Amino acid sequence: MVSYGEFPGARPRRLRTTPAMRRLVAETRLDAAELILPAFVREGISEPQAISSMPGVYQHTRDSLRKAAVEAATAGVGGIMLFGVPEVKDAIGSQGTEPDGILQLAIRDVVEEVGDALVVMSDLCLDEYTDHGHCGVLDAEGRVDNDATLERYAEMAQVQADAGVHVVGPSGMMDGQVGVVRDALDEIGRQDVAILAYTVKYASAYFGPFREAVNSSLKGDRKTYQQDPANCRESMRELALDLAEGADMVMVKPALPYLDVLRKVADTVDVPVAAYQISGEYAMVEAAAANGWIDRERAIMEALTSIRRAGANMILTYWATEVAQRL
């Protein structure tokens with residue numbers, strides 16, 4: 001008699017024999033509708049500008065952004081997250097609240113082009129617009145002033161909503177930002193605009209290429225408002241606060257270095273959970289593949305599958321359109 005609870009009767013390899021068998025029994029699947037494409041639009045350029053640290057990613061013109069949005073929608077991508085890169089920066093990030101600022105114009109363009117096919121999202125933060133590169137306004141001693149920054153975020157939420165955005169993503173990690181943004185949206189009758197809260201955002205080394213993408217002017221670091229990579233309980237406290245303030249969705253950022261945190265968040269909440277596969281994660285794979293050290297397509301799919309397996313319902317990834325076209 002063969003015992004089927006142990007070897008040789010039990011042989012898990014039977015379910016790995018062919019591609020068709022492996023596909024049939026796969027526990028985790030990627031779907032194009034779960035992918036969100038981050039995209040950069042830059043003021044004052046006539047042609048898309050390549051980002052050297054992120055091969056294949058560009059600072060778009062308004063026209064090329066429209067084309068990228070159509071391509072993403074055609075591939076079945078679920079959403080697009082827009083970041084604006086202005087020509088002029090100042091201490092308070094004035095262009096972030098100008099009705100005709102580059103991000104607001106881009107929102108209008110993309111909503112007009114693909115607003116019925118893609119969820120149009122916008123970054124709600126000041127770092128792209130400030131001459132010091134921080135995510136908020138500074139006090140007399142050069143520190144980020146949390147409550148003064150919230151006033152600016154409220155204004156940003158309203159101009160982005162007026163431009164037609166579907167979802168705002170407050171990403172600055174200011175205390176109380178979700179509640180202030182929700183109140184600001186409700187005040188102008190935009191209860192329909194959802195909030196994707198950047199709930200867990202670490203002060204990460206993996207953000208480096210993003211700073212090139214947005215022409216960052218950062219001086220110093222963001223460790224006083226972004227989270228310490230050593231901490232997880234703190235993440236759960238941030239999660240509880242954001243949910244209490246009205247977050248419709250929550251995010252963990254970066255993704256791969258924090259899959260344990262992502263799993264814990266996903267196991268805790270009853271709202272959709274996003275993870276952002278950030279610029280450094282993208283750049284590492286592209287650089288290794290360019291050197292012939294890894295199989296590029298397999299590495300991309302493996303990384304995305306691991307994020308999905310850890311509990312993300314949505315993934316922000318610069319490979320969104322490419323991967324959607326392959327799924």
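In the predicted model, G79 of strand β4 stands opposite V119 in strand β5. The two strands, β4 and β5 (residues 119-124), run parallel and are joined by 4 bridges. Between them the chain passes through helix α3 (residues 102-114), and the resulting β-α-β crossover is right-handed.

Strand β4 also pairs with strand β1 (residues 35-42), again in the parallel sense, over 7 bridges. Within this pairing, R42 has V85 of β4 as its bridge partner.

The surroundings of β4 (residues 79-85) were examined next. Of its 7 residues, 7 are buried, and the strand is therefore largely enclosed by the rest of the structure. In a regular strand, side chains alternate between the two faces of the sheet. In β4 both faces are covered: one side carries G79, M81, F83 and V85, the other I80, L82 and G84, and all of these residues are buried.

Empty space inside the model was considered as well. Such space is revealed by rolling a probe the size of a water molecule over the atoms. The structure holds 1 cavity of 30 Å³ or more, and the space in the largest cavity amounts to about 110 Å³. F83, a residue of β4, is part of the lining of this cavity. Other lining residues include D123, C125 and D127, as well as S171, K201, F207, F210, R211, R222, Q226 and K253. By class, the lining comprises 6 charged, 4 nonpolar and 2 polar residues.

Terms used:
Residues are numbered from 1 along each chain as its sequence is written. This is a predicted model: local features need pLDDT of at least 70, side-chain atom pairs count only at pLDDT 80 or more; totals for chains, interfaces and linings use all residues. Side-chain values use heavy atoms; hydrogens and water are left out. Buried means under 20% relative accessible area, exposed over 50%, partly exposed in between (1.4 Å probe, protein chains only). Two strands pair if DSSP finds at least two bridges between them. A crossover is right-handed if, with the strands pointing away from the viewer, the path from the first strand over the helix to the second runs clockwise. On a 1 Å grid over the protein atoms alone, a cavity is a set of points where a 1.4 Å probe fits but cannot get out, and a pocket is an open set with protein on both sides within 12 Å along at least five of seven lines; lining residues have an atom within 4 Å of a point. Grid points are joined across faces, edges and corners, and a volume is the space filled by probe spheres set on the points. Ala, Val, Leu, Ile, Met, Phe, Trp, Tyr, Cys and Pro count as nonpolar, Asp, Glu, Lys and Arg as charged, and the others, Gly among them, as polar.
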